[in-house]
2 protein chains.
Amino acid sequence: MSDLDLLKTLSRTNTTKIVLFVMDGLGGLPQEAGGPTELEAALTPNLDRLATQGMLGLMHTVDVGITPGSGPGHLGLFGYDPLEYLIGRGALESVGIGETLTDLDVAARGNFCTVDHEGVILDRRAGRIPTEECARMVGLIKDISLPGVEIIVKPVRDYRFAVIFRGPGLSDRLNETDPQRTGAKPLMVSPEDETPEARFTAHLVNEWIERVAQRIKDQHPANMVTLRGWSTKPAIPSVEEVFKLKAAALAVYPMYKGLASLVGMTLIPDLPDLDAQLSALKREWNSYDFFFVHHKYTDSRGEDGDFHGKSREIEKVDAVIPRLLELKPDVLVVTGDHSTPATLKSHSWHPVPVLMYAPGTSRANPDVTGFGESQCLKGVLGQFRATKLMTLMAAHALRLEKYGA
Amino acid sequence: MSDLDLLKTLSRTNTTKIVLFVMDGLGGLPQEAGGPTELEAALTPNLDRLATQGMLGLMHTVDVGITPGSGPGHLGLFGYDPLEYLIGRGALESVGIGETLTDLDVAARGNFCTVDHEGVILDRRAGRIPTEECARMVGLIKDISLPGVEIIVKPVRDYRFAVIFRGPGLSDRLNETDPQRTGAKPLMVSPEDETPEARFTAHLVNEWIERVAQRIKDQHPANMVTLRGWSTKPAIPSVEEVFKLKAAALAVYPMYKGLASLVGMTLIPDLPDLDAQLSALKREWNSYDFFFVHHKYTDSRGEDGDFHGKSREIEKVDAVIPRLLELKPDVLVVTGDHSTPATLKSHSWHPVPVLMYAPGTSRANPDVTGFGESQCLKGVLGQFRATKLMTLMAAHALRLEKYGA
């Protein structure tokens, strides 16, 4: 029996409340050997107190030694094995700019590129045009319409855009049109299987590309497009199906709202910052069982290589913990979706610190004095894969029946 | 290669002796944050000394966050993945009342129920008749015989009974007859596949139900039966096949004898209490390689919510440890099949403390001063799934060859 099938049979409703508070890229590294990590350097009296009363552990969001992207990292946190549940690049790009995918959608990543008068690619990224120029280019093509489908085109960043074809009978079994080198023409779209849906979609997309080419052929440097990462909305059972949880997402950034929407969470709108997120949490407390709260800037400062800036972001979260505890959650988890050590200026594979506060169902955490990577190594939760996190939260919230008699 | 296939190829005979001492529901929780668990509160000088000389760890008998029932919990302890080897409810109910299943058996759980004069169910549990009334009702139907099969009917508890159809050519691919609601008649039994065995068994069981209905139609409130949980003896390779171990079970309760019998252990009869279990262990020492000793009352006191009572049961086990050590076991494991914290009054998912004493093959257990959950967190065995326990015991008993050259 798969893990999710097992959880479907064991999960039950209850009145308990669960909060999953994600500081993006929380895990870190010391600046010098023997020194503290960003989390350990931060002054976090509230989280430290919770650590001594709750349980700590270290979590591999994808698997040991694997550096998670944001998509797989969050899927892992939400209980889905990211090595089993894949989100296509087109789908991820779309949810990343705030587009909620429907079951009628086929999404792709697009690049603006530069071609010569014979259509041969001179620059696969159109001189890396800035985002503003990308937006202007999208403005030139976004009203192209074809019968039977809705077409949504949106700028992403630099030369990259997202396109969604929405309508009945579409397929993502299409080849990529980027030849992956200059000196060649963009490829035609062909179906990758023999279904009428794939043939129809290929025909439709080729038609769209031809219209786009007509519209922008006199622009410079972006005068053509390539498409790749064809994907439909991923087939993921919702957290309600698996865990019988009514779940709400309180995130600022579109990417994380999008990922939450893929697993069936309700998106709480208009949350510009932590203060708004905490106010919304209080306002919505009686309407949901499970709350995903996302803080982005720990990752941002890590990517910047700003060790102390990352510590300060952690301190901002620590400062709102008392507001969260006033709501008396039955289970509160504070963790990350991956590590982003400032010293590496990038996501990393290092296991992520986990703090689980579950009054009434917690084992003692001997020798723990605060929240940090070294403390987590001594925690009762041990080291585990993120796919077990939702199971542990549900268990500690008394939302799982026993297995067998 | 599956774990069991690997173990089959690696296991070898030896003269070493292994004892698996299970305190049912051993794992616990503190009564108040920071306090001791039941095991930590118990005075256990003998187990504490073994902990400093042996190795500790924490064990997930089914998987992280999953609360085990007794069946899956023990299958895990015996080395079988409880998510792979399933015991049907009928089979579990039968072994639970002391019936040893044979390869000819199809077992079901039965409910006595109340029907009106048209056969429509008024009460699916016949007013929850007491066990004595259930036994009287079973007395009215247990001599019903049909050609070609032996039929065994036994009371379980309240309105529940177990029935076993024993004979050649039977199948458990049958539907349940309980319509799961009042206001409907019990369903006929139908085959769930097209085999002659399933058709024959359905025919036979319908005939039996008709005879039962005739016999008890004038009784009150129990005047009809429903059947469900159809199951055969589970196909589990014996511990002798996998580990080349001659194994004996020394248990007081029928359920645990039954589970041991399913994996091919020899049941030592007439063991009313711990004293008798220890005497039998000494008496049988030269006749077997592996001894499963089961103590029930730690779980019972946990289910009662009796924290100190559970500690006292642990102390009773501690007191017999010297008698066990006189036999000089090569490997002694003291553990549980799951946790039953008195604070929760039920089985729980918390990992179970494990003590493995294996003079001659133990790694040092630094910083360990006794046996308890917090100490186990520091143990050299780490956290592991129960399916690895038998492998570890066999390894420490020098009963596994190396893998590869």
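Select B:S231 to start the tour, which places you in strand β7 (residues 224–232) of chain B, where strands are DSSP runs of E at least two residues long, helices are runs of H or I with at least four residues, and both are numbered from the N terminus. This is a predicted model, in which local features need pLDDT of at least 70, side-chain atom pairs count only at pLDDT 80 or more, and totals for chains, interfaces and linings use all residues. Residues are numbered from 1 along each chain as its sequence is written, while chains are lettered from A and ligands numbered from 1 in the order in which they are written.

**Around B:S231**

With 21 C-beta neighbours inside 10 Å, B:S231 counts as buried; a residue is buried if 20 or more other C-beta atoms lie within 10 Å of its own, exposed if 12 or fewer, and partly exposed in between, with the C-beta atoms placed from the backbone. Now add B:R89 to the selection, which is 142 residues away from B:S231 in sequence although the two C-alpha atoms are 6.9 Å apart in space. Leaving out residues up to four places away in sequence, B:S231 touches B:G88, B:R89, B:G90, B:A91, B:A107 and B:D172, a contact being a pair of residues whose C-beta atoms, placed from the backbone, lie within 7 Å.

**On to B:K246**

Move next to B:K246, in the loop between α8 (239–243) and β8 (247–250) of chain B. Is this residue buried or partly exposed? B:K246 has 15 other C-beta atoms within 10 Å and is therefore partly exposed. Beyond its neighbours within four places in sequence, B:K246 is in contact with B:E240, B:Y288, B:D289 and B:F290. If you also show B:G264, you will find its C-alpha 8.8 Å from that of B:K246, with the two positions 18 residues apart in sequence numbering.

**Chain A as a whole**

Switch to chain A and colour it by secondary structure, which comes to 14 helices and 13 strands. The radius of gyration of chain A, taken over C-alpha atoms, is 23 Å, close to the 22 Å that the globule rule gives for 405 residues, so chain A is as compact as a globular protein of that length; the rule is 2.2 Å times the number of residues to the power 0.38. Along its principal axes the C-alpha trace spans about 70 × 50 × 35 Å, and 52% of the 405 residues count as buried. Among the contacts between residues at least 6 apart in sequence, 72% join residues at least 24 apart. Colouring by pLDDT, the predictor's confidence in each residue from 0 to 100, gives a mean of 95 for chain A, with 100% of its residues at 70 or more. The model scores ipTM 0.87 and pTM 0.89.

**The two domains of chain A**

Give separate colours to domain 1 (3–87 + 236–396) and domain 2 (91–232) of chain A, whose bounds come from an automatic or database domain assignment. Their centres, taken over C-alpha atoms, are separated by 35 Å, and 9 residues of domain 1 are in contact with 7 residues of domain 2. Which helix gives the largest share of the domain 1 side? That helix is α9 (residues 254–262) of chain A, with 7 residues.

Select α9(A), where 7 of the 9 residues are buried, so the helix is largely enclosed by the rest of the structure. Its buried residues, among them A:M255, A:Y256 and A:L259, pack against α4 (70–77), α5 (89–96), β8 (247–250), β9 (266–267) and β10 (290–295) of chain A. After the helix comes A:G264, whose phi is positive, near 90 degrees.

Helix α11 (residues 297–304) of chain A is the next stop, with A:Y297, A:T298, A:D299, A:R301 and A:G302 as its buried residues. These pack against β1 (18–23), β10 and α12 (307–325) of chain A, and α11(A) is followed by A:G305, with a positive phi near 75 degrees.

**Where chain A meets chain B**

Finally, show both chains: 18 residues of chain A are in contact with 25 residues of chain B. On the chain A side, β13 (382–385) and α14 (389–396) are the elements that give two or more residues, and α14(A) supplies the largest share, 3 residues.

Methods:
Two residues are in contact if their C-beta atoms, placed from the backbone, lie within 7 Å.
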